[in-house]
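This briefing goes through one protein model, topic by topic. Please keep the sequence and the 3D view at hand while reading.

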Amino acid sequence: AGPNRLFLAGTIHLLRASDFPLPASFESAYAQSTQLVFETDIDSTRQTAFQNQLIAAVSLPPERQISDFFSPQTLRKLETYLHSRQLTLKQFSHFKPSMLSMTLTLLELSKLGIGSDGVDQYYYERARLDHKPTLALESVQQQIEFLASMGEGQEDQMIEQTLEDIKTLPVEFPLMIQSWRDGDSKQLETLFIEPMKSEFNAVYQQLLVERNQNWLPQINALLQTPDTEMVLVGCAHLIGEDG
């Protein structure tokens, strides 16, 4: 590619306030970049239109209820868990299990002080302030379709897995952030990639492998331009044999 170059930065989408400032290598890459590339158009995801489209996509048709997807055993576990959090299944009855899985995980993370602003949002705001152009690897529509179809056909297993994962979040999430900071890709693979591959291969293929394959031609095309891009994608996209 001659003198053309880009920075490929593995990010964490959600962080605690104490995780700032970010590693110096990120600051250095940002300073040298003329353009930033994100997984999706962050500004669009904040618009009401996106929220409405997402809600429509993750809602069930009127004749279905979320409980239809679960075995009696999973349903009991789920109701026990929700009760412990002062929630009821009725609050989620018209949503797809993918939405329930995401919501439960985000609620647990927020209890740990882990909020919505991670590395991607931080640099998106910086790019706007510094008037650096931004690009997206995926359309907002692709993001919505992906979130709505996550774990389709394996809903029971997905919720079982979510309830298991939630138990280890208080220990594993801070460890994941530390491993990311240290650039310890082996540890990240152990924490994140291996469990997903073995326990939930369909989501692994959909969440990481397929999207990586869609992004590679775009990243290669960016290397053909004289601009220096900083490409920010979740760190799980850069590790393991499919990274």
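The notes below cover the nonpolar cores, the strands, the aromatic pairs and two of the helices.

The model is predicted, and every value below is computed from it. Its largest nonpolar core has 64 residues, and helix H8 gives the most to this core. A search of the whole structure finds six aromatic pairs.

**Nonpolar cores**

- Within the largest core of 64 residues, those with the most contacts inside it are Leu78, Tyr123, Phe173, Trp180 and Met230.
- Helix H8 spans residues 155–182 and supplies nine residues to this core, the most of any contributor.
- A second core, separate from the largest one, has eight residues, among them Leu6, Leu222, Val231 and Val233.
- Tyr123 has a relative accessibility of 0% and so counts as buried.
- Beyond its neighbours within four places in sequence, Tyr123 is in contact with Leu22, Phe26, Glu27, Tyr30, Leu36, Phe38, Met230 and Leu232.

**Strands**

- Strand E4 takes in residues 229–234, and six of its six residues are buried.
- Strand E1 (residues 6–11) runs parallel to E4, and six bridges join the two.
- Leu6 has Glu229 as its bridge partner in E4.
- Strand E2 (residues 35–38) also runs parallel to E4 and is joined to E4 by four bridges.
- Between E2 and E4, Gln35 has Glu229 as its bridge partner, and Val37 stands opposite Val231.
- Strand E3 (residues 134–136) is joined to E2 by three bridges, and these two strands run parallel.
- In E3, the residue opposite Phe38 is Ala136.
- E2 is covered on both faces: Gln35 and Val37 are buried on one side, and Leu36 and Phe38 are buried on the other.

**Aromatic pairs**

- Phe38 and Tyr124 make an edge-to-face pair, with 5.6 Å from centre to centre and 75° between the planes.
- This pair links distant parts of the chain, since Phe38 lies in strand E2 and Tyr124 in helix H6, 86 residues apart.
- Are the two members of this pair buried or exposed? Phe38 counts as buried because its relative accessibility is 1%, below the 20% cut-off. Tyr124 is buried too, with a relative accessible area of 6%.
- Tyr122 and Tyr123 make another edge-to-face pair, at 5.0 Å centre to centre and 80° between the planes.
- Tyr122 is partly exposed because its relative accessible area of 29% falls between the limits of 20% and 50%, whereas Tyr123, at 0%, is buried.
- A cluster of Phe20, Phe26, Tyr30, Tyr122, Tyr123 and Trp180 is linked by ring pairs.

**Helix H6**

- H6 covers residues 119–129, and its buried residues are Val119, Asp120, Gln121, Tyr123, Tyr124 and Ala127.
- Arg128 is found in this helix and counts as partly exposed, with a relative accessibility of 44%.
- With its neighbours within four places in sequence left aside, Arg128 is in contact with Asp43 and Arg46.
- His131 follows H6 and has a positive phi, near 55°.

**Helix H9**

- H9 (residues 185–199) has 15 residues, and the distance from its first C-alpha to its last is 20 Å, close to the 21 Å expected at 1.5 Å a residue.
- Where does H9 have a kink? The kink lies at Ile193, shortly before the proline Pro195, and is about 35°.
- The buried residues in H9 are Leu188, Glu189, Leu191, Ile193 and Met196.
- An α-helix has 3.6 residues a turn, so residues three or four places apart point the same way.
- H8 and helix H10 (201–223) are among what covers the buried residues of H9.

Terms used:
Residues are numbered from 1 along each chain as its sequence is written. This is a predicted model: local features need pLDDT of at least 70, side-chain atom pairs count only at pLDDT 80 or more; totals for chains, interfaces and linings use all residues. Side-chain values use heavy atoms; hydrogens and water are left out. A nonpolar core is a set of buried Ala, Val, Leu, Ile, Met, Phe, Trp, Tyr and Cys residues joined through side-chain atoms within 4.5 Å. Buried means under 20% relative accessible area, exposed over 50%, partly exposed in between (1.4 Å probe, protein chains only). Contact means heavy atoms within 4.5 Å. Two strands pair if DSSP finds at least two bridges between them. The expected span of a helix is 1.5 Å times one less than its number of residues. The bend at a residue is the angle between axes fitted to the seven residues ending there and the seven starting there. Rings of Phe, Tyr and Trp (its six-membered ring) pair if their centres lie within 6.5 Å; planes under 30 degrees apart count as stacked, over 60 as edge-to-face and the rest as tilted.
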